[in-house]
Amino acid sequence: MRSTASAQRYQFRNSPTQLHPLQEVLDPITLDELARLGITAGQSALDVGAGAGSIARHLCELVGPTGKVIAVDLDTTLLAPTGILDVYQRDLRTQPLPAEPGTVDVITARCVLEHLPNRHFVLNQMITALRPGGHLVLGEIVYAPVSVHAPTSDDNELIARVVHGVLDVLAARSVDLHWGDKTASVLLANDFDRVRTRWVAETWAGGSPGCRLYADNATQLRDKLLTEGLTHTELDRFAELMADPAVLVRGYQFASTTARKPY
Ligand SMILES: C[S@@+](CC[C@H](N)C(=O)[O-])C[C@H]1O[C@@H](n2cnc3c(N)ncnc32)[C@H](O)[C@@H]1O
């Protein structure tokens, strides 16, 4: 029987082959959210689960040399501190966020809370760290059925099985693929205003950043997908299809929620 600790361990490695395509797919959405908030020079920001750091670096550009950005992650190997950016290694399942209560102007967390078993507790810490009138920018991959256009019906069926297999493996290991659908309700219950969620999903062509992300996720979860009934041959074919420009597949659905802490 799987232990609770193992079920709640983070399921991926922070490799550039995963995080760079993730950033290419999601940064346009998150940067658009940040542009709407009117972040100004000298403000402070916190990026929770900063990964390879594209959002933390963008926040540094927004707050400038008189501002401060803190990036926190379990794995900080892809994060480089600068005069503006402080980097903290933290396991948020057991360690607190490095931020004083009521001090931070904007807090971002993308594709992080859904992975944390104590996501409500970490969100409460983020709410406490925000100053009144400060903003949250939260994003999550949420469950959605996949649709595919591939060269053959067998390929269509295989891509759907692998993508659903990845989502099923994550869901079976305590990743909440519906958390992004619930974020707005949780923030409303905490009296946040300007609460807004948008759901985004687009087609990804073979070879594009999105299909490279699908391929990397299936590679990282390969052992688990094999135990779920997929074969090496099928997973090798999936990798080929994710590089084939003739393939068009519905990408992961992303829920992006912004909200303002009440004064
Ligand atoms: C899917 S990646 C997203 C990275 C980044 N936010 C982005 O969207 O580009 C999830 C991130 O959460 C971090 N993470 C997972 N579990 C964590 C934990 N227990 N404590 C701190 N960070 C964690 C991972 O190391 C990884 O960087």
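Start by selecting β6, β9 and β8: these three strands form an open sheet in that order, with antiparallel pairing. Two strands count as paired if DSSP finds at least two bridges between them, and strands here are DSSP runs of E of at least two residues, while helices are runs of H or I of at least four, both numbered from the N terminus. The edges are β6 (148-149) and β8 (203-205), each with a single partner strand, so one side of each is left without a neighbour in the sheet.

What you are viewing is a predicted model, in which local features need pLDDT of at least 70 and side-chain atom pairs count only at pLDDT 80 or more, while totals for chains, interfaces and linings use all residues. Residues are numbered from 1 along each chain as its sequence is written.

Stay on β8 and add β9 (residues 248-250): three bridges join the two strands, which run antiparallel. Within this pair, W204 stands opposite V249 of β9.

Next, select the other sheet. Its seven strands form an open sheet in the order β3-β2-β1-β4-β5-β10-β7, with mixed pairing. At its edges stand β3 (85-89) and β7, each with a single partner strand, so one side of each is left without a neighbour in the sheet. Neighbouring strands of this sheet are turned by 15° against each other on average, direction ignored; axes are lines fitted to C-alpha atoms, for helices over the stretch in contact, and angles run from 0 to 180 degrees between N-to-C directions.

Which strand should be coloured next? Take β5, where 10 of 13 residues are buried. Buried means that 20 or more other C-beta atoms lie within 10 Å of a residue's own; exposed means 12 or fewer, partly exposed is in between, and C-beta atoms are placed from the backbone. On one flank, six bridges join β4 to β5, and the two run parallel; here I107 stands opposite L136 in β5. To β10 (residues 253-260), strand β5 (residues 130-142) is joined by eight bridges, and this pair runs antiparallel. V137 has T258 in β10 as its bridge partner.

Now show helix α6 (residues 179-189), which lies across β5, β7 and β10 and runs at about 160° to β5.

Two backbone points are worth a click. C111 is not a glycine, yet has a positive phi of about 55°. C111 lies in the loop between β4 (104-110) and α4 (119-129), and is buried, with 20 other C-beta atoms within 10 Å. R194, also not a glycine, has a positive phi of about 50°. R194 is placed in strand β7 (residues 193-200) and is partly exposed, with 13 other C-beta atoms within 10 Å.

Then select the ligand and its surroundings. Which residues come nearest? Of the 21 residues around the ligand, they are G49, G51, L74, L92 and R110; a residue is near a molecule if its C-beta atom, placed from the backbone, lies within 6 Å of it. Helix α2 (residues 16-36) gives the most to this shell, with four residues.

Finally, zoom out to the whole protein chain. Its secondary structure comes to nine helices and 10 strands. The C-alpha atoms fill a box of roughly 55 × 40 × 35 Å along the principal axes. Of the 263 residues, 42% count as buried. Among contacts (C-beta atoms, placed from the backbone, within 7 Å) between residues at least 6 apart in sequence, 77% join residues at least 24 apart.

Conventions: Contact = placed C-beta atoms within 7 Å.
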